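Colleague: I'm new to this one. Could you walk me through how to read it, one feature at a time?

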Amino acid sequence: MAVGPTLGTGLFIGSGQALAVGGPASLLCSYVFISVLIYCLTTATAEIAAHMPAHNGTMLSHTYRFASTHLGFSLGYLRWYSMALLVPFEITNAMAALSLWEPGALVAVRVGIVAAIILGFNMLPETIFKRMETFFTGVKLVTAIGLILLSTILAARGIPGTPVRGFYYWRHPGAMNQYLTPGHLGRFLGLVQCVLYSTISFIFSPELTVVRAEKADGETGSSVLKVAQIDNIHLCALYILSALAMGVVSPSDEPLLTNYGTGAGLSPYVVGIRRARIPVLPVFATTLIFLSSMASARSFLFVSSRTLCSLAEAGHAPALFKDRNRWGVPYVSVIVSSFFTGLAYLCLRLSVSVVFNFLMYFITTSGYISWLCSCILYLRFRRTTKAQGFVRVHQTFVQPYGAYFAILVCTVLFLANLLMTVIPSKDALRDPIAVYLGILTFLLLYIGHSAKYPFSRIADSEAGEQCSETIEIPHPRVPPL
């Protein structure tokens, strides 16, 4: 199951903001809606991977092949720095789980310890790291499933000393919250903002699911699509059940969910367990969420460093980044990728809740760009293979309609993210600067590469000639950095 790096990203902590702004019904609808979107994105990417296995992975190699070197360059680096930014994001996630919201020396010490542990894990031999991945994946699964079962028990039996039972919080304070304005428009805006907050839980999961399926399949490509579909369904089902569980165990008007309007607060699970007044259990749940965040940060540093190493091996990054030590660790890529961890030290001057939101907006904006480009890549792949007369053996019934749906939704989410951050509000939950930085960074990469290599676009005819069902596919001819 593809829960390695993806499970934990915003699910336990970030969902609190989504619940607070939209209510339990909006949270559940958001997770169902995004799950449909993720399935469309995953199958589109997996079809390309199944048709043309690539040495450096589908998402790195085929953008150069079917789109242009400019888009391939900018998208490859977007995925690298976004994965690297998920490391300090998960560290702030862990600090928020411990209720270390206020800036200070205590937060700095905890951040330093966690960052050092994460870097130390990534310097271990790859064989040891991958063996330990099974253990940490198990911790995440136990945490997610255990909290779902606990929420079910609390909702079924009721919380001692309160009238809470079943879907009580769907009626008090309500199933859908009003946001920015009263009435039906306010409930709609609450749903929209809830969707925007909820995407952090799914961000980059299509890309990572396909990468895992490629590695699990080896070099044949025959079962990449099937493995990706199964993993995607498992992950989305777990997320939807989590959204339902959080909606029944915690009220949406609990101020601790947003640290009293500052940003990220406590997990809805922890809020519900505290209200149940069960001794020791809140500490146990907080510890599991903290370990899940650390495990995710550990995995994201691994993925980002290997992405940078693959860019170097394909000739799209300095050769220094592909150097490995005697244990097979690309230590230069690991160290460079770990530099982004320093952003977690913003907690020295700002609240952890504020830093969490700043990183969340930047990462989700980059994620929307990645998803949109993935759909464009898939449509160009279909056009090229059709023009060259190749038969696509690996197909799903949702495509190409799923890709068109994903383009529409990603465009709307991208625009909504811009608009919702500039609408005046009394809350301090939104940060337009991070959204603009996410857009600007990608544009600078694309424009900068276009200016340096104005004639490096790969023609569709050349891309079509490279389409085949064989395993050994040459790398596209792109200029090295």
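Modeller: Sure, let's begin with a term: a contact means heavy atoms within 4.5 Å. Helices (H or I, at least four residues) and strands (E, at least two) are DSSP runs, numbered from the N terminus. Now a case: Q17, A18, V21 and G22 in α1 meet G190, Q193, C194, Y197 and S198 in α8.

Colleague: What should I know about where this comes from?

Modeller: This is a predicted model, in which local features need pLDDT of at least 70, side-chain atom pairs count only at pLDDT 80 or more, and totals for chains, interfaces and linings use all residues. Residues are numbered from 1 along each chain as its sequence is written, and side-chain values use heavy atoms, with hydrogens and water left out.

Colleague: How many helices and strands does the protein have?

Modeller: There are 17 helices and 0 strands.

Colleague: Back to that pair. How do I describe two packed helices?

Modeller: In general, you give the angle between their axes and the distance between the axes. Axes here are lines fitted to C-alpha atoms, for helices over the stretch in contact, with angles from 0 to 180 degrees between N-to-C directions. For helix α1 (residues 14-22) and helix α8 (residues 183-198), the axes come within 8 Å and cross at roughly 175 degrees. So α1 is roughly antiparallel to α8; the cut-offs are under 35 degrees for roughly parallel, over 145 for roughly antiparallel, 65 to 115 for roughly perpendicular, and oblique for the rest.

Colleague: Now burial. Is T364 buried or exposed?

Modeller: Buried means under 20% relative accessible area, exposed over 50%, and partly exposed in between (1.4 Å probe, protein chains only). T364 is buried, at 2% relative accessible area. T364 sits in helix α14 (residues 352-388) and touches T199, I200, I203 and N417, leaving aside residues up to four places away in sequence. Across the protein, buried residues make up 60% of the 481 residues.

Colleague: Which residues are buried in helix α13?

Modeller: In α13 (residues 331-338), they are V332, S333, V334, S337 and S338. Their cover includes α4 (69-97), α5 (105-122) and α12 (281-313).

Colleague: What does A285 in helix α12 touch?

Modeller: A285 touches L147 and I273, again not counting residues up to four places away in sequence. A285 and G146 are 139 residues apart in sequence but 9.3 Å apart in space, C-alpha to C-alpha. At 3% relative accessibility, A285 is buried.

Colleague: How many disulfides does the structure hold?

Modeller: A disulfide is a pair of cysteine sulfur atoms within 2.5 Å, and the structure holds 0. C40 is in none, and its nearest cysteine sulfur, that of C375, is 8.3 Å away. For C375, the closest cysteine sulfur is in C410 at 5.4 Å, too far for a bond. C40 is buried at 7%, and C375 is buried at 1%.

Colleague: And the backbone? Where are the cis peptide bonds you would show me?

Modeller: One joins H172 and P173, with omega about 15 degrees; P173 is in the loop between α7 (168-171) and α8. Another runs from Q399 to P400, with omega near 10 degrees.

Colleague: What about phi in L180 and F204?

Modeller: L180 is not a glycine, yet has a positive phi of about 75 degrees. Phi of F204 is also positive, near 65 degrees. L180 is partly exposed at 37% relative accessibility, whereas F204 is buried at 0%.
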